[in-house]
Amino acid sequence: MKFTAAGDAIIQQRIFEEFEGYSELAPFIMQGDARFFNLETTLNHEGETGVSQFSGGTYLRTNPEVLEDLKKFGFNMTSFNNNHAMDFGYKGFELTFESVNKSGLVQSGTGRNLAEASAPKYLDTKNGRVALIAVNTSFDPSMMAGEQTDRVMGRPGINGLRIKEYVELPEEELQHIKRIAKATNINAGKDIVRKEGYFPALGDNESELGGLKFVLGEECRYVAEIMEQDIKRVEKAIYEAKLQADYIMISVHSHQISGTAKEEPSEFLKSFARRCIDMGANAIVGHGPHLLRPIEIYKDSPIFYSLGDFALQLYSVEFAPAEFFRKQGLTPDSTVHELLKQRSKDFTIGLMADKKMFRAVIPLWETEGTRLKKLTLMPIEMSMEGIKSETGLPRRSYNKEIFEYLKEMCEPYGTKIKINEDGLYECEW
């Protein structure tokens with residue numbers, strides 16, 4: 001079988017038919033039997049719904065008709081399980097869910113309850129059946145779909161992977177935290193509720209400071225782990241898909257990092273990706289941080305820690321809620337132009353000012369059975385300048401900076417990359 005995939009499509013406007021990027025991108029994408037992208041926006045018409053009191057960063061919304069433009073590239077699978085899924089509240093979520101279903105694209109990772117959101121969804125092709133399971137580690141807790149019981153309806157939302165965070169400290173530093181907590185009474189209210197039985201008791205080797213937990217350890221380090229019950233839910237979905245499908249693809253939206261570089265995926269993401277393959281998944285398609293991350297081949301299965309962006313149109317937002325304006329010190333009667341200019345310090349900072357966010361790859365991988373046989377990458381760039389109808393749209397790139405950037409990132413993961421005569425990248429492992 002063959003597969004292609006693209007990262008984040010932050011699309012906010014229609015793509016006109018003469019767009020020159022189609023001529024090279026669409027034929028490459030169409031080589032895949034399964035062709036995936038991450039839909040990073042909500043779909044609704046102006047006036048159909050209000051907004052949530054939080055957003056994934058920018059309140060993203062566009063008209064449902066953009067799905068037809070994206071389908072012209074050849075995509076047949078998607079997910080909108082990302083940090084923007086609830087930007088326009090529950091109704092906006094439901095409108096997006098309905099529009100994607102009506103489009104004919106196979107979607108996973110969202111649903112009217114947790115069972116539906118976490119279930120694998122299937123694409124039938126002439127060369128085999130592909131399962132898609134979509135998860136997300138970067139979301140507001142209220143976005144998580146709820147379980148349905150015999151007497152209580154489920155809650156619409158996403159299939160989230162909740163993260164347990166704490167800091168390990170040696171004995172002396174842990175005692176120092178305990179002294180600070182006692183001197184400031186920062187935990188007093190929570191301690192009262194804990195005594196009433198509504199929070200679990202803290203052990204002798206644990207402390208809290210506000211909302212952050214500290215535990216005794218051999219060295220000072222920050223720890224983030226995916227909750228085991230969420231991993232078990234993914235394991236169940238993979239087990240189910242193994243009966244129904246020939247190939248299992250996991251979509252992972254994750255912003256978290258390890259170290260100090262946005263390019264380096266979190267330790268829990270690396271562990272989760274490998275564990276999914278151990279459980280029976282065949283490919284991990286990552287997105288979220290809006291730039292390229294390393295590619296790893298684990299047990300003859302590809303792990304794309306982030307493919308970067310496929311479309312980046314953050315300056316094409318047509319309107320925004322009052323909360324967004326006030327957050328930037330403006331009044332709701334200000335223009336969106338003023339809003340985005342204020343946030344970006346006169347368009348000098350942010351995603352739209354960083355060339356790394358406009359560089360990405362589209363992988364084409366071929367398998368024998370479920371084993372990876374060949375992996376080719378098409379480098380792409382989104383336009384940062386030029387006419388407004390093309391800003392943020394992708395086209396094939398011949399910029400060797402992308403090659404050098406990705407090559408250096410992948411080497412520690414055992415993946416070697418070379419440039420072919422046609423300008424595409426070939427991966428070796």
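**Exercise 1.** In what sense do E12 and strand E13 pair, and over how many bridges? Place the two strands in their sheet.

*Solution.* Keep in mind as you work that this is a predicted model.

Step 1. Look at residues 212-216, which make up E13: this strand and E12 run antiparallel to each other, joined over four bridges. One position to check is Glu206, which has Val215 of E13 opposite it.

Step 2. Widen the view to the sheet. Its four strands follow the order E12-E13-E11-E14, the sheet is open, and the pairing is mixed. Strands E12 (206-209) and E14 (221-226) are the edges, as each of them pairs on one side only. From one strand to the next, the twist averages 30°.

Step 3. Now add the helix. H5 (residues 171-184) packs on this sheet and touches E11 (163-169), E12 and E13. The direction of H5 makes about 45° with that of E12.

**Exercise 2.** Find the neighbours of strand E15 in its sheet, and decide whether its residues are buried or exposed.

*Solution.* Step 1. Start with the strand order, E8-E9-E15-E16-E18-E17, in an open sheet of six strands with mixed pairing. At the edges are E8 (121-125) and E17 (295-298), each pairing on one side only. The twist here averages 20° from one strand to the next.

Step 2. Take each neighbour of E15 in turn. Strand E9 (residues 128-136) runs parallel to E15 and is joined to it by seven bridges. E16 (residues 283-287) is also parallel to E15, with five bridges between them.

Step 3. Use Ile250 as a marker. Opposite this E15 residue stands Ile133, and its bridge partner in E16 is Ile284. To get from E15 to E16, the chain passes through helix H8 (residues 267-279), making a right-handed β-α-β crossover. One residue to try next is Ser251, whose bridge partner in E16 is Val285.

Step 4. Sort the side chains. In a regular strand they alternate between the two faces of the sheet. Accordingly, look for Tyr247, Met249, Ser251 and His253 pointing one way, and Ile248, Ile250 and Val252 the other. Both sets are buried, and seven of the seven residues of E15 are covered in this sense.

**Exercise 3.** What does Ser79 touch, and which backbone oxygen lies 2.7 Å from a polar atom of its side chain?

*Solution.* Step 1. Locate Ser79 in strand E5 (residues 77-79). Its relative accessible area is 1%, so Ser79 counts as buried.

Step 2. List its contacts beyond four places in sequence: among them are Phe36, Phe37, Asn38, Leu39, Ala134 and Ser251. The last of these takes you back to E15, where Ser251 is itself buried.

Step 3. Pick out the polar contact. The backbone oxygen in question belongs to Ser108.

**Exercise 4.** Which parts of the chain does the salt bridge between Arg194 and Glu208 tie together?

*Solution.* Step 1. Recall that side chains of opposite charge can pair when their charged atoms come close. For Arg194 and Glu208, the N to O distance is 3.3 Å.

Step 2. Assign the elements. Arg194 is in helix H6 (residues 188-195) and Glu208 in strand E12, so the pair connects parts that are 14 residues apart in sequence.

Step 3. Check exposure against the cut-off of under 20% for buried. Arg194, at 13%, is buried, and Glu208, at 9%, is buried too.

Step 4. Extend the search: Lys190 and Asp191 join Arg194 and Glu208 in a network of salt bridges.

Step 5. Contrast this with Arg112 and Glu116, whose closest N and O atoms are 2.6 Å apart. There, Arg112 is exposed at 54%, whereas Glu116 is buried at 18%.

Conventions
Residues numbered from 1 in each chain as written. Predicted model: local features only at pLDDT ≥ 70, side-chain atom pairs only at ≥ 80, totals over all residues. Heavy atoms only, no water. Buried < 20%, exposed > 50% of the residue type's maximum accessible area, 1.4 Å probe, protein only. Pairing = 2+ DSSP bridges. Right-handed = clockwise from strand over helix to strand, strands pointing away. Polar contact = N/O pair within 3.5 Å; in protein donor to acceptor, adjacent residues only side chain to side chain. Contact = heavy atoms within 4.5 Å. Axes fitted to C-alpha atoms, helices over the stretch in contact; angles between N-to-C directions. Salt bridge = Lys/Arg side-chain N within 4 Å of Asp/Glu carboxyl O.
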